[in-house]
Amino acid sequence: MAKSKAGKKAGPGPSVKDDKRYEALRDEGMSKEKAARIANSPPSETGRKGGKSPRYEDWTVKALQQKAAEVGIKGRSTMRKQALIKALREH
């Protein structure tokens, strides 16, 4: 960081909300822009955030049967494509 006229370190600027987080990221060698963007973003929570279920409609019947075998769905060899998709989504 550049020193100001008073001899103190100049702060990251008014655009950074979390100074401590910004300083820690800069100490790790991150660029100013990226550190500011991360410091301004809300803290991320661990785990998956929602999202859609896999698009099973694009899968082949063989791939659906293989996935059903992995998760343990019984009677998968006699099911049609739509039944397999429904069973996988409900599992």
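1. Start with α2, and keep in mind that this is a predicted model. Glu33 and Arg37 are exposed on one side of this helix, while Ala35, Ala36 and Ala39 in α2 are buried. Those three alanines span an arc of only 100 degrees around the axis, which puts them on the same side of α2.

2. What sits over that alanine side? The cover for the buried residues of α2 includes α1 (19-27).

3. Now the charged pairs. The count of salt bridges comes to 2. As general background, side chains of opposite charge can pair when their charged atoms come close.

4. Glu57 pairs with Arg89, with 3.1 Å between the closest N and O atoms. Glu57 belongs to the loop between α2 (32-40) and α3 (61-71) and Arg89 to helix α4 (residues 81-90), so this salt bridge ties together parts that are 32 residues apart in sequence. As for accessibility, Glu57 is partly exposed at 37%, and Arg89 is also partly exposed, at 41%.

5. The other salt bridge joins Glu70 and Lys67, at 4.0 Å from N to O. Here both partners are in helix α3, 3 residues apart, so about one helical turn separates them. Glu70 is exposed, with 60% relative accessibility, whereas Lys67 comes out at 27% and counts as partly exposed.

6. If you're looking at the model on screen, pick out the two pairs in turn: Glu57 with Arg89 links a loop to helix α4, and Glu70 with Lys67 stays within helix α3.

How values were computed. Residues are numbered from 1 along each chain as its sequence is written. This is a predicted model: local features need pLDDT of at least 70, side-chain atom pairs count only at pLDDT 80 or more; totals for chains, interfaces and linings use all residues. Side-chain values use heavy atoms; hydrogens and water are left out. A salt bridge is a side-chain nitrogen of Lys or Arg within 4 Å of a carboxyl oxygen of Asp or Glu. Helices (H or I, at least four residues) and strands (E, at least two) are DSSP runs, numbered from the N terminus. Buried means under 20% relative accessible area, exposed over 50%, partly exposed in between (1.4 Å probe, protein chains only). The arc is that of the directions from the helix axis to the C-beta atoms. Contact means heavy atoms within 4.5 Å.
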